[in-house]
Amino acid sequence: MSSIKLILRNNKIDKAGEAPLYLRVIKDRKTKFISLSLKLKPNEWDKDKQKVKKNHSNSTRLNAYISQKVADAKGEIADLERRNQSTTARKLKEAIKGKPLTNFFDYSDNLCEKRKDTLAYSTYKNYKTYLKKFEKFVGHRELMFEDITVTTLKDFASYCSSTLGNNNTTINFSLKIMKIMFKEAQKEDLIPLDLFPFNKFTVKKEKSTKRYLSAEQFQDFMDLEVSNKDKAQIIKDMFIFSVFAGGLRFGDMLELKWKNYDKKNGRITKIIRKTNRQHSVRIGQKAVEILEKYQQKDQKQEDIIFPFANIDKTYFTDKEHRNLITGRAIALSNMYLRKMGKRLELPFNLSFHISRHTFATRALNNGMRIEHVSKLMDHSDIGITQVYAKIISSELDNAVDKYIN
């Protein structure tokens, strides 16, 4: 059996002091709420009589409207239950609303496939992986957007933490992907704008630490001797080049061609892989000297500058292949860099991305304006760059505490 009742959601009172009126459907202890697109002040609703009080100016008209909605809902429920003994609360809600509810997993999978050609392949894979993780938690695919509540999110976060051992950063990324699916479904008018449980649940963000090499550590790194015939030397040169070339990311360094280098003006110009924007940066003399090490008499404009990975034609045309090559190269580069870091006795694991952080902190320490640093790093928002300014400020505070107090 199922039951239906009118509920004024007093926990959703807006700035005007009005709360939305819902039909509450209960079937097999499962509850669904259906909006009537009607708002009332708490003192205008008679909970016991299930009617709008006479103190509302349009009480007669509204009660007639509400009575018709209840009658229609009861009729839909009766018809549906006669046809199907296994009717669920979700199906009842679907029938009453008169339109099908949207399956979260079907919609999300379809959206990923539609965006596959425009997303970075690594982003596409992350979407699919994290959605599959949520599906494993749920245990089935029969999940509508309306079924995802605050409780669902809390239970999923707990599962990620206790069962999978995920940290808060990973959990937040999982929730971020789900948020994207909700936002896109809302844009397509498949779910209502007020259906967004993420507004009522958040996972505390872990304080991120930007690792970078201090001036002394970076000098020691440049002075470190490695085998000239080993790829360790190539990745060391790439790291140093990145620091003197605006903090170019590993993926862009890996595929850097001679055609991207304007020797006359000392500039690197290329389409940045992550943002798909053309980026041009004047490089320092140290970076120029590194390039000179890799110049060959018979080199062509299409040749790769740093021969660290097998960058062939397929790399530039097949996203999946490029992701595979890049992933292997990152793992190899970080293996070499970790070994170098241990030799230097660094208090953290050295990775290529630290070259980017090192550029930013060096530039700010040397007096470069933050908006210029932001531009050189190809940040979409100067707020991203301000993280490095906070690092510099924190260093100054620590220096004062250590030497003045």
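These exercises, each with a worked solution, concern a predicted model.

**Exercise 1. Helix packing**

Describe how helix α8 packs with helix α13, and find which residues make the contact.

Solution.
- Start with what is needed. Two packed helices are described by the angle between their axes and the distance between the axes.
- Locate the helices. α8 covers residues 231-243 and α13 covers residues 353-365.
- Read off the geometry. The angle is about 30 degrees, and the axes are 8 Å apart.
- Classify the angle. Angles under 35 degrees count as roughly parallel. The two helices α8 and α13 are therefore roughly parallel to each other.
- Add the handedness. The crossing of α8 past α13 is right-handed.
- List the contact. From α8 come F239, S242 and V243. From α13 come I354, S355, R356, T358, F359 and R362.
- Sort by class. The contact of α8 with α13 has four nonpolar residues, three polar and two charged.

**Exercise 2. A residue in α13**

Decide whether H357 is buried or exposed, and give the separation of its C-alpha atom from that of L213.

Solution.
- Place the residue. H357 belongs to helix α13.
- Check the accessible area. The relative value for H357 is 7%.
- Apply the cut-off. Buried means under 20%, so H357 is buried.
- Turn to the pair. H357 and L213 are 144 residues apart along the chain. Their C-alpha atoms are separated by 8.0 Å.

**Exercise 3. A sheet**

Work out the strand order of the open sheet of three strands, and find which strands stand at the edges.

Solution.
- Write the order: β6-β7-β8, with antiparallel pairing.
- Find the edges. β6 (261-262) and β8 (278-282) each have a single partner strand, so one side of each lacks a neighbour in the sheet.
- Look at one pair. β7 (residues 267-271) is joined to β8 by five bridges, and the two run antiparallel.
- Match residues. I271 is opposite Q278 in β8.

**Exercise 4. Positive phi**

Compare the settings of Q50 and E345: state the phi, the loop and the exposure of each.

Solution.
- Recall the background. Most residues other than glycine have a negative phi.
- Take Q50. Its phi is positive, about 55 degrees, although Q50 is not a glycine. The loop between β4 (45-46) and β5 (51-52) holds Q50. With a relative accessible area of 22%, Q50 is partly exposed.
- Take E345. Its phi is also positive, near 60 degrees. E345 sits in the loop between α12 (319-343) and α13.
- Finish with exposure. Exposed means over 50%. E345 has 71% relative accessible area, so E345 is exposed.

Key
Residues numbered from 1 in each chain as written. Predicted model: local features only at pLDDT ≥ 70, side-chain atom pairs only at ≥ 80, totals over all residues. Heavy atoms only, no water. Axes fitted to C-alpha atoms, helices over the stretch in contact; angles between N-to-C directions. Helix = DSSP H or I, 4+ residues; strand = E, 2+ residues; numbered from the N terminus. Parallel < 35°, antiparallel > 145°, perpendicular 65-115°, else oblique. Left-handed = near helix turned anticlockwise from the far one by under 90°. Contact = heavy atoms within 4.5 Å. Nonpolar A, V, L, I, M, F, W, Y, C, P; charged D, E, K, R; others polar. Buried < 20%, exposed > 50% of the residue type's maximum accessible area, 1.4 Å probe, protein only. Pairing = 2+ DSSP bridges.
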